[in-house]
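Grab a pencil and open your viewer. Below you'll find a few exercises, each with a solution worked out step by step.

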Amino acid sequence: MNMGLWSFFIITASWDFHLAFACLPVFLVIEGILIYRAFTARTPFEIVMRPENITVKDRIIEASDIKTVFVRGYFMPVIGIRPKGNFLVPYKNCFRLENDNYIKDLSEWAEQKQIKVSHKRFMRWL
């Protein structure tokens, strides 16, 4: 679909070479993001909750650095961890859990650390 949009735009904008040449880097960035997300979304990873931090995808996030833990959805919930100082949840802090028990464990861990847990939609970066 993305390649079809590329072709359509280049054919219709062929009369204006400068416009097509200016939009090409934007299309390349969007294509790169889509390819990156396609390959990184499918890799399994491990989440480890410790008393002072949480490890997600081999990255350690300190409990004191977490502002909010978001839970979006019901049947296949998406978890988002928003660090302090960020308005959006980084893509690397968004993930799905296999079992609802893990979500309950994460919520309990966050409440013990006095981290806000929100069951609503959230915006993420990329």
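The exercises go from the overall layout to strands, turns, core and surface, and the model they use is a predicted one.

**Exercise 1. Work out the overall layout: how many helices and strands are in the secondary structure of the protein chain, and in what pattern along the sequence?**

Solution. Start by counting: the secondary structure comes to 3 helices and 9 strands. Next, read along the sequence, and you get α-α-β-β-β-β-β-β-β-α-β-β. Last, check the burial: of the 126 residues, 30% count as buried.

**Exercise 2. Find the order of the strands in the sheet that has 3 strands, and say which strands stand at its edges.**

Solution. Take the pairs one at a time.

- S1 and S2 are joined by 3 bridges and run antiparallel. One of the partner pairs is Ile-47 with Val-56 in S2.
- S2 (residues 53-56) and S3 are joined by 4 bridges, again antiparallel. Here Thr-55 stands opposite Ile-60, and Ile-54 has Ile-61 as its bridge partner.

Put those together and the order is S1-S2-S3, in an open sheet with antiparallel pairing. S1 (47-49) and S3 (59-62) are the edge strands; each has a single partner strand, so one side of each is left without a neighbour in the sheet. As for the twist, it averages 15 degrees from one strand to the next.

**Exercise 3. Look at S2 and sort its side chains: which residues point one way, which the other, and are they buried or exposed?**

Solution. Keep the general rule in mind: in a regular strand the side chains alternate between the two faces of the sheet. Now apply it to S2. Asn-53 and Thr-55 go one way, while Ile-54 and Val-56 go the other. For the burial part, all of these residues are buried.

**Exercise 4. Name the strands that S4 is joined to by bridges, and give the direction of each pairing.**

Solution. First look at S4 itself, residues 66-72: the strand is mostly covered, with 6 of its 7 residues buried. Then go through its partners. S5 (residues 78-83) is joined to S4 by 6 bridges, and the two run antiparallel; Val-71 is partnered with Ile-79 there. S8 (residues 116-118) is joined to S4 by 3 bridges, and this pair runs parallel. In S8, Lys-116 is the bridge partner of Thr-68. So S4 has an antiparallel pairing with S5 and a parallel one with S8.

**Exercise 5. Hunt for positive phi: where do Gly-73, Lys-57 and Gln-114 sit?**

Solution. Remember the background first: most residues other than glycine have a negative phi.

1. Gly-73 belongs to the hairpin of S4 and S5, which has 5 residues between the strands, and its phi is positive, near 100 degrees.
2. Lys-57 belongs to the hairpin of S2 and S3, with 2 residues between the strands, and takes a positive phi near 55 degrees.
3. Gln-114 isn't a glycine either, yet has a positive phi of about 60 degrees. Its place is in the loop between H3 and S8, and it is exposed, with a relative accessible area of 75%.

While you're at Lys-57, look across to Glu-46: the two are 11 residues apart in sequence and 6.1 Å apart in space, C-alpha to C-alpha. Glu-46 is in the loop between H2 and S1 and is exposed, at 59% relative accessible area.

**Exercise 6. Say which elements give two or more residues to the largest nonpolar core, and which gives the most.**

Solution. The core has 16 residues, and those touching the most other members are Ile-54, Ile-66, Val-69, Ile-79, Trp-109 and Ile-115. Two or more residues come from each of S2, S4, S5 and helix H3 (100-112). H3 gives the most, with 4 residues.

**Exercise 7. Which residues form a nonpolar patch on the surface, and does Leu-34 count as buried or partly exposed?**

Solution. The patch consists of Val-26, Ile-30 and Leu-34, which together have about 250 Å² of accessible area. Leu-34 is found in helix H2 (residues 17-40). Its relative accessibility is 45%; the partly exposed class lies between 20% and 50%, so Leu-34 counts as partly exposed.

Technical notes:
Residues are numbered from 1 along each chain as its sequence is written. This is a predicted model: local features need pLDDT of at least 70, side-chain atom pairs count only at pLDDT 80 or more; totals for chains, interfaces and linings use all residues. Side-chain values use heavy atoms; hydrogens and water are left out. Axes are lines fitted to C-alpha atoms, for helices over the stretch in contact, and angles run from 0 to 180 degrees between N-to-C directions. Buried means under 20% relative accessible area, exposed over 50%, partly exposed in between (1.4 Å probe, protein chains only). Patches are made of residues with over 30% relative accessible area and no salt bridge: like charges are joined within 9 Å, nonpolar side chains (Val, Leu, Ile, Met, Phe, Trp, Tyr) within 5 Å. Accessible areas come from the Shrake-Rupley method with a 1.4 Å probe; for residues, only the protein chains shown count as cover. A salt bridge is a side-chain nitrogen of Lys or Arg within 4 Å of a carboxyl oxygen of Asp or Glu. A nonpolar core is a set of buried Ala, Val, Leu, Ile, Met, Phe, Trp, Tyr and Cys residues joined through side-chain atoms within 4.5 Å.
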